[in-house]
Amino acid sequence: MQSKLVKQVFLVFSAIMMLSVVPAQAEPYLELIGPDVVQLGQTATYTVTTLEGTDSDYTWGYNYVTNDAATISEEGVLTTKNPGLFSLYVDGNSSHSIGM
């Protein structure tokens, strides 16, 4: 008898827990598309798309591992300047998501 009561309480508790679960909202993230390697003297165009959110504009940025390796325009066009390593990132203006 007590076992049956425990099972019923467990089932009611489980049903309440299942009904109270709130679906998780997907966080916005950026999909950055472009080449991994760009040869010296070449240019490459990168594109970015915000998924699970919206951005009307993006801010492009970079960090040098080797000084003066490249630059990137506001349109996402990377131009190499010197041999070296370069780290690219982009920030969505509304979602504040960062793509690397």
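Modeller: A helix here is a DSSP run of H or I with at least four residues, a strand is a run of E with at least two, and both are numbered from the N terminus. The model is a predicted one. Read along the sequence, its pattern is α-β-β-β-β-β-β-β-β.

Colleague: How many helices and strands does that make?

Modeller: The secondary structure comes to one helix and eight strands.

Colleague: How much of the protein is buried?

Modeller: Of the 100 residues, 21% are buried. The accessible surface comes to about 7600 Å², and 58% of that belongs to carbon and sulfur atoms.

Colleague: What share of the contacts joins residues at least 24 apart in sequence?

Modeller: Among contacts between residues at least 6 apart in sequence, the share is 49%.

Colleague: Let us take strand β3. Why is T49 called partly exposed?

Modeller: The relative accessibility of T49 is 37%. Buried means under 20% and exposed means over 50%, so a value in between is called partly exposed. T49 is found in β3, residues 47–51.

Colleague: Why is T50 called buried?

Modeller: T50 has a relative accessibility of 11%. The cut-off for buried is under 20%, so T50 meets it. T50 is found in β3 as well.

Colleague: Which residues of β3 lie on the covered face, and which on the uncovered one?

Modeller: V48 and T50 form the covered face, while T47, T49 and L51 form the uncovered one. In a regular strand, side chains alternate between the two faces of the sheet.

Colleague: What makes the pairs of T50 with D55 and with Y58 polar contacts?

Modeller: The side chains of T50 and D55 are joined at 2.6 Å, and those of T50 and Y58 at 2.8 Å. A polar contact needs N or O atoms within 3.5 Å, with one able to donate a hydrogen and the other to accept it, so both distances meet the limit. Leaving out residues up to four places away in sequence, T50 touches P28, Y29, L30, D55, Y58 and S95.

Colleague: Which residues does T49 touch?

Modeller: With residues up to four places away left out, T49 touches Y29, L30, E31 and Y58. T49 and E31 are 18 residues apart in sequence, yet their C-alpha atoms are 5.2 Å apart in space.

Colleague: How do you know that β1 and β3 are paired?

Modeller: Five bridges join β1, residues 29–33, to β3. At least two bridges are needed for a pair, so this count is enough. The two strands run antiparallel, and L32 stands opposite V48 in β3.

Colleague: Which strands form the open sheet that includes β6, and in what order?

Modeller: The order is β2-β6-β5, with antiparallel pairing. The edge strands are β2 (43–45) and β5, each pairing on one side only. Neighbouring strands of this sheet are turned by 15° against each other on average, direction ignored. Between β5 and β6 (residues 77–80) there are three bridges, and I72 stands opposite L78 in β6.

Colleague: Which strands form the open sheet that includes β7?

Modeller: That sheet has three strands in the order β4-β7-β8, paired antiparallel.

Colleague: Why are β4 and β8 said to stand at the edges?

Modeller: Each has a single partner strand, so one side of β4 and one side of β8 (98–99) are left without a neighbour in the sheet. Two bridges join β7 to β8; since at least two are required, the pair just qualifies. D91 stands opposite I98 in β8.

Colleague: Which residues make up the largest nonpolar core?

Modeller: The core has eleven residues: L30, A44, Y46, V48, Y58, W60, A70, I72, L78, L88 and V90. At least two residues of this core come from each of β4 (58–64), β5 (70–72) and β7 (86–92). In soluble globular proteins, nonpolar side chains tend to be buried together.

Colleague: Which residues is W60 in contact with?

Modeller: Apart from neighbours within four places in sequence, they are L32, Y46, V48, I72, S73, E74, E75, G76, L88, Y89 and V90.

Colleague: Where does E52 lie, and why is E52 called exposed?

Modeller: E52 is in the loop between β3 and β4. Its relative accessible area is 53%, and exposed means over 50%, so E52 qualifies. Phi of E52 is near 60°, a positive value in a residue other than glycine. Most residues other than glycine have a negative phi.

Colleague: What makes H96 exposed?

Modeller: H96 has a relative accessible area of 57%, and the cut-off is over 50%. H96 lies in the loop between β7 and β8, and its phi is positive, near 60°.

Methods:
Residues numbered from 1 in each chain as written. Predicted model: local features only at pLDDT ≥ 70, side-chain atom pairs only at ≥ 80, totals over all residues. Heavy atoms only, no water. Buried < 20%, exposed > 50% of the residue type's maximum accessible area, 1.4 Å probe, protein only. Contact = heavy atoms within 4.5 Å. Core = buried A, V, L, I, M, F, W, Y, C linked by side-chain atoms within 4.5 Å. Axes fitted to C-alpha atoms, helices over the stretch in contact; angles between N-to-C directions. Areas by Shrake-Rupley, 256 points an atom, 1.4 Å probe, with all protein chains shown as cover.
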